[in-house]
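Trainee: Could you take me through one part of this model closely? I would like to start with a sheet and then see what lies around it.

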Amino acid sequence: MTFEKEQKKNNLQKIFEVIKTMASKPSGLIGLSILLFHVILAITSPLYAPYDFKAIDPTLMLQAPSSEFWFGTDSLGRDVFTRTILGGRTALTVTFFGSLIALFWGGSLGIFCGLVGGKIDDVVMRIIDAFLSIPWILAMLLIVSLLGTTTLVLIPALGFFYGKGIVRVARAATHDVIAKDFIVSARARGHSNLSIIWNEILPNVRDAIMVEGAMRWSWMLLGFSSLSFLGFGVSPPTPDWGLMISNARGLMSFAYWAVLAPIFGLSSLIIGINLTADAFAKALGIDRSTKAPV
Amino acid sequence: MDNSVQTINNLTIGFTSQKGEQISILKNISTTIKKGETVGIVGESGSGKSTLALAMMGYVKHGLYTISGECLFHSNNLLEMKNKDLENIRGRKIAMIPQNAGQSLTPNLKIGYQIDEALKLHTDLKKEERDKKISELLNKVRLPSPEIMAQRYPHELSGGQQQRVAVAMALAGNPELLLLDEPTTGLDVTTQAHVLELLNFIAKDTGTSMVYVSHDLGAIAQVSDRIIVMYSGEIVLDGPVRSILKNPIHPYTFGLLKSIPKLTSPGLPASMSGSQPQPGTIKMGCSFYKRCNLSEDKCKNNSPNLEYIDDLNTSVRCFKYKELINVKETNSDTVKSINNDIFQNEILDISKVSISYAKQKFIDQLLNKVDDSNPTVQDINININKGETLALVGESGSGKSTILKSIAGLLKTKDGMIKFDKDNVLSNDLKTRDPGFLRAIQLIFQNPDESLNPNHTVEEIVSQPLRLYFGLKGDELKQKIIEVLEKVRLGEFYLTRYPRQLSGGEKQRVAVARAFAAKPDIILCDEVTSALDVSVQAAVLNLLQELKEDFGTTYIFVSHDLAVVRAISDRVAVLYQGRLCEIGPSKNVYELPSHPYTEVLLGAALEPDPDIKPKLVAEDIVEEKPPEQGCSFQGRCPRILGDICKTDVPPWQIGENGNSIRCHIKVDDLKKQQSIN
């Protein structure tokens, strides 16, 4: 154990340091690069998409990949490459904000339940359990068919359903610190619950909740694509990977390219997020097996 | 004939730091353990004593490796042996008894089965022979009715009994060498004395060599023939127990012995400055140079070698040991005395307080009925005067921390009242308690690792009470923080540090600073020194005493350590099972006559002197809950009178020394009986 003269860093420096640690391992570096690639692609793709994503041309139906159409064309003669690079935009936006909502409400409710305990905790957790027992896709279908498939419906709905798990994680993480003497000390001093949450608990559970949120993001992405696949997510003709897979899967036996490209897009993004979340957890020291032995 | 069991030659164990430097944790250790000898290895945390004990079993912790040297067990180097061969030695030839037996026993297997497993592994006995041997072993470690004991699960035994089972398991393979890693740390004083006595008996009875690793010189003094003192990974002193404890010729051991509070001498112990250096920070010179009173330039640049002194049969690593040879008395005049003024202004009045942990039934809750005739803490009456230090003493489960929590408002009292500053009744609920009273009563906890938020800097930690109670902000706040830190001898430099970057003593100072920042009238200290090393403990005790003199603060000091209590307190209250046994000025509580329980506690306390043996007057039974009626100590009392103790609550009597004793035996009779022993 060496004694380093570490000074208090501002938040920006801390974030930079975490990212540096994440990138120091190959898996973290790969994950980060994939994620970064997808984010940049989603932001900039409209600038260089070679064709119009909704231009239908019956004469170009199901063309195999060529120098003209890199990933071939689909059953309506639309360019698959164009649609693939544009297809992640909605998914990324919806799930990113969805995750933030899930993190916020799941995290705060979890910490609150962990802190107050007793009957309030019991009742809230049983309600969460009840929601956990409902298949989320059925509930989502109900919500979407009642309220429509706009992003303004999808983001809070996904955020709600994926936040339930975070409640449990945040509550467990709070239980870990709640018995420590520094909480008892703050209580004995007479701090309010809100001040105890903000000053004493949050700094100690933040890491665990953020890692959980990163994991939820990739699950939510899969969930969102499933919705699109079933026709309840993005409405045509907006390009979306789930929708593209759904449309092209019947023709898979002779036009594999129309399915393969969106699958590749979706799975690479999920792998990227997962690797990043893993590296993030390790960089924050949550994965104990990688800690220095001495 | 060669009578050595284990020989360690120039052993150096270390790790490679992230910067690629090789850092040694053990440096050039050489020693020999002889047959039938008990060697005590003593040192503060981080001195490498546990690493050495593990190396004696041929085990090096993950991340560490042997840099040089060897560890020979009958001429086989354990550190180069294959795992398969080591398996034949571990348990059969060398056995280890871990610190916390409760955690090392499998919770869902019966005691008998676990000992049987050890026997199966380490001996070639048949089933019937093994069954006989299990009873034999349990008998040997003096567990009552071995047959019944063998059918029990670990959680059904008390801590002392679990430790005895661990000893029995270690003895299963008839080992030649027994390694004990802090085997009595965490046990109650009476239990500890009994376990040590058992270990002494086993050493004599079986002729097993023992290596006893501990930070507690009191325990080491009772069992060892020879003591090895370690500091910063080096052996600094190695010799017979009497020569080392009566005439320590290394300045570190000298200072260490002086910093231990003793029952026989009142007043605060002298403290040693500084703390042990981190591994790898000492590049040259003596590792004790910075803290040493005798150091000179030579010590800074040259490392002393371990030098053998014939007359004393002792090895010492110091250039200047000769100056210490003739200093016989380890208690010097620097010991500070506590003023024993009579305090008159009452600040806290605890009257008839009872506290119950019993859960109410749902129906009783509805009817608002409390049904517990036998609460955990009952009928506590204590008055505390301004500027006084009151100590609450007792073994685990005596309710001392429970009382502290209820004063702080963290636990609701069932009956009784706590009055602050004459006529303000403290609400027993934190939410309804006046913020001014919350500020007036501050807590310091046992373990600073737990009581300081690991994600806050020292500045943020100390600012909490200042912002809450005084609403300070900005520069004013910062000034005040620095001021408070300077009071506890920590400078501005510490503001930006996180608790993990501080040593144990520094962390506890931060906790003290946080408590004092609120300008409290009363500070509740819950075992504040028991997680600290001896030399650091003395420094913290001295600091508390000085702060008290500066601010006139009142302390309520909870501890299980009678010597620490003697050093710091003005008045002592002895508790057993949540009931008061005795209360009086501290200098008198330690004198006869005393309550039979106080007598048991005092008898079991260990002094770092091999000639003062503990007196074991009572069984080390652990009682689950207080008796329904009669005297709380009836189950273990060595002087029990008869039925009256079982039916009637004993009356308070005042002895000639001013102590209040709660016992059926007349004070004069107590005095007569106790002076015979």
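Mentor: Start with chain B of this predicted model. Look for an open sheet of 4 strands, in the order β14-β13-β16-β17. Its pairing is antiparallel. As a general point, strands of a sheet pair through backbone hydrogen bonds, and the sense can be parallel or antiparallel.

Now find the edges. They are β14 (377-385) and β17 (424-425) of chain B. Each has a single partner strand, so one side of each is left without a neighbour in the sheet.

Move inward to one pair. Strand β13 of chain B covers residues 346-355, and strand β16 of chain B covers residues 415-420. They pair in the antiparallel sense over 5 bridges. Which residue of β16(B) is the bridge partner of D349(B)? It is K419(B).

Next, place this in the chain. The domain assignment splits chain B into domain 1 (234-335), domain 2 (346-575) and domain 3 (593-676). Take domain 1 and domain 3 of chain B: their C-alpha centres lie 39 Å apart. The two still make contact, with 8 residues from domain 1 of chain B and 5 residues from domain 3 of chain B. On the domain 1 side, helix α10 (residues 241-246) of chain B gives the largest share, 3 residues. By class, that side has 5 nonpolar, 1 polar and 2 charged residues.

Step back to chain B as a whole. Its secondary structure comes to 26 helices and 24 strands. The radius of gyration of chain B is 27 Å, and the globule rule gives 26 Å for 677 residues. The values are close, so chain B is as compact as a globular protein of that length. Its C-alpha trace spans about 75 × 70 × 50 Å along the principal axes. Of its 677 residues, 49% count as buried. Take the contacts in chain B with a separation of 6 or more: 68% of them are between residues 24 or more positions apart.

What sits inside? The largest nonpolar core has 249 residues. Among those with the most contacts inside it are V462(B), A513(B) and L524(B). Follow A513(B). Setting aside neighbours within four places in sequence, A513(B) is in contact with V462(B), V484(B), L485(B), K487(B), V488(B) and L490(B). In soluble globular proteins, nonpolar side chains tend to be buried together.

Now turn to chain A. It has 11 helices and 0 strands. Its C-alpha trace spans about 80 × 50 × 30 Å along the principal axes. Of its 294 residues, 41% count as buried.

Where does chain A meet chain B? The contact takes 21 residues from chain A and 28 residues from chain B. On the chain A side, α8 (181-189) and α9 (193-229) are the elements that give two or more residues. The most come from α8(A), with 7 residues. By class, the chain A side has 8 nonpolar, 6 polar and 7 charged residues.

Finish with helix α10 of chain A, residues 241-248. Buried or exposed? Here 8 of the 8 residues are buried, so the helix is largely enclosed by the rest of the structure. They include W241(A), L243(A) and N247(A). The cover includes α3 (80-86), α4 (88-116), α9 and α11 (257-283) of chain A. You met α9 of chain A already, on the side that touches chain B.

Technical notes:
Residues are numbered from 1 along each chain as its sequence is written. Chains are lettered from A and ligands numbered from 1 in the order in which they are written. A nonpolar core is a set of buried Ala, Val, Leu, Ile, Met, Phe, Trp, Tyr and Cys residues joined through C-beta atoms within 7 Å. A residue is buried if 20 or more other C-beta atoms lie within 10 Å of its own, exposed if 12 or fewer, and partly exposed in between; C-beta atoms are placed from the backbone. Two residues are in contact if their C-beta atoms, placed from the backbone, lie within 7 Å. Ala, Val, Leu, Ile, Met, Phe, Trp, Tyr, Cys and Pro count as nonpolar, Asp, Glu, Lys and Arg as charged, and the others, Gly among them, as polar. Two strands pair if DSSP finds at least two bridges between them. Domain bounds come from an automatic or database domain assignment. The radius of gyration is taken over C-alpha atoms; the globule rule is 2.2 Å times the number of residues to the power 0.38.
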